[in-house]
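The exercises below concern the secondary-structure architecture of a single protein model. Please attempt each task with the structure in view before reading its solution.

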Amino acid sequence: MTKTVLICGSMAFDTIAIFNGRFKDHILPDSIHALSVSFLVPSMRKEFGGCAGNVAYNLKLLGGTPLPAATIGEDAGDYLERFRNLGIDTRLLKVQPGTFTAQCFITNDLDDNQITAFHPGAMEFSAQNDVSGSTARWAIVAPDAKEGMFAHAERLHAEGTPFIFDLGQAMPLFDGADLERMLTLTQALTVNDYEARVVEQRTGRSLTDIAKGLQAVVVTLGADGSRLITQGQEYHIPPVAATEVVDPTGCGDAYRGGLLYGLVEGWSWQDSCKLANVMGAIKIASRGPQNHAPSRSEIADKLLAQYGLSLS
């Protein structure tokens, strides 16, 4: 049986600049109605990102078979080359002519305040990327354009491919009716603790009630590990201590890469969440969403030491 994981979501570039000052010293409250400011940013870096890209990267680290599906712009040549060099299948990464790849421009000041601009670009065309016939064993519908997320979910549901609905940064796009619609299509829901509360508020239902209609609900809790509700039972998956806390960007995607690897291998939800915790702890010790590069044996050693589980 195939072990391919279809990963539907965004591919993006993150441009991160550091302003060696404080925004509050340059933005006058009484002049906010006519704002015109400029910041010198001597430090800047460009990162490969986007949920589909990040999940695929982490699944590949584990030796999995990711198949990312996303719409990208004409500027994505280096991203495509990177994935091909990593041995990641790029046939469902569709270039949308006349567009840029989704891009996030972030400026941080010395107090860790952020000014962010996001350009969706090619991501807005994701619904046109037909993932039918991908013959994946599992899939994930990760944050993307709302229309694209529903299009992918409908196609996967029609083909009987089990998938995880990952709300994430798409949370502002989904009202209660949208969430209920998606929950009728998916087999599992993954959220962080804040998103979990929003889902409960917008649907008027508890996660325990929502889980009755799914294989599982998984809630990531950061340094506190994760919470799993499956088959009428609730479990706390103890955390993995990070060697260093450097950057949480992409930790949720690393977690989902581990979760999907376990599911494809036929592991229980509990054990899959344990591997997911390991992947999140590894990622947080590295700056950027795709700069950590542990060997598979290093991941296996951490999994064995923490939980007594074998990766092979």
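The exercises that follow treat two sheets and the helices of this predicted model.

**Exercise 1.** Determine the strand order of the open sheet of 9 strands, and explain why one side of β5 and of β13 is left without a neighbour.

*Solution.*
Step 1. The order of the 9 strands is β5-β4-β1-β8-β9-β10-β11-β12-β13, and their pairing is mixed.
Step 2. β5 (93-95) and β13 (233-237) occupy the edges with a single partner strand each, so one side of each has no neighbour in the sheet.
Step 3. From one strand to the next, the twist averages 20°.
Step 4. Within this order, β8 and β9 are paired in the parallel sense over 3 bridges, and I140 stands opposite I164 in β9.
Step 5. β12 (residues 226-230) runs antiparallel to β13, the two being joined by 5 bridges. T230 stands opposite Q233 in β13. The hairpin of β12 and β13 has 2 residues between the strands, and Q231 there takes a positive phi near 50°.

**Exercise 2.** Describe helix α3: what is its span, which of its residues are buried, and what covers them?

*Solution.*
Step 1. α3 comprises 14 residues, 146-159, and reaches 20 Å from its first C-alpha to its last, close to the 20 Å expected at 1.5 Å a residue.
Step 2. With buried taken as under 20% relative accessible area, the buried residues of α3 are G148, M149, F150, A151, H152, A153 and L156.
Step 3. The elements covering these buried residues include β1 (4-8), β8 (138-141), β9 (163-166) and α4 (176-183).
Step 4. Just after α3, G160 adopts a positive phi of about 80°.

**Exercise 3.** Establish why strand β2 is described as largely enclosed, and identify the strands with which β2 pairs.

*Solution.*
Step 1. β2 (residues 12-18) has 6 of its 7 residues buried, so the strand is largely enclosed by the rest of the structure.
Step 2. β2 and β3 (residues 43-49) pair in the antiparallel sense over 7 bridges. Along this pairing, I18 stands opposite S43 in β3, while the bridge partner of D14 in β3 is E47.
Step 3. β2 is also joined to β6 (residues 102-108) by 7 bridges, and these two strands run parallel. Here the bridge partner of I16 is I106 in β6.
Step 4. The open sheet of 4 strands accordingly reads β3-β2-β6-β7, with mixed pairing. Its edge strands are β3 and β7 (114-119), each of which pairs on one side only. Neighbouring strands of this sheet are turned by 15° against each other on average, direction ignored.
Step 5. Helix α2 (residues 77-85) lies across β2 and β3, running at about 55° to β3.

**Exercise 4.** Characterise the packing of α7 and α8: what are the angle and the axis separation, and which residues meet?

*Solution.*
Step 1. Two packed helices are described by the angle between their axes and the distance between the axes.
Step 2. α7 (residues 251-264) and α8 (residues 269-283) pack at an angle of about 145°, with their axes 7 Å apart.
Step 3. The crossing of α7 and α8 is right-handed.
Step 4. Residues of α7 at the contact include C251, Y255, L259 and L263, and those of α8 include W269, L275, M279 and K283.
Step 5. By class, the contact of α7 with α8 has 11 nonpolar, 5 polar and 1 charged residues.

Terms used
Residues numbered from 1 in each chain as written. Predicted model: local features only at pLDDT ≥ 70, side-chain atom pairs only at ≥ 80, totals over all residues. Heavy atoms only, no water. Expected span 1.5 Å × (residues − 1). Buried < 20%, exposed > 50% of the residue type's maximum accessible area, 1.4 Å probe, protein only. Contact = heavy atoms within 4.5 Å. Axes fitted to C-alpha atoms, helices over the stretch in contact; angles between N-to-C directions. Left-handed = near helix turned anticlockwise from the far one by under 90°. Nonpolar A, V, L, I, M, F, W, Y, C, P; charged D, E, K, R; others polar. Pairing = 2+ DSSP bridges.
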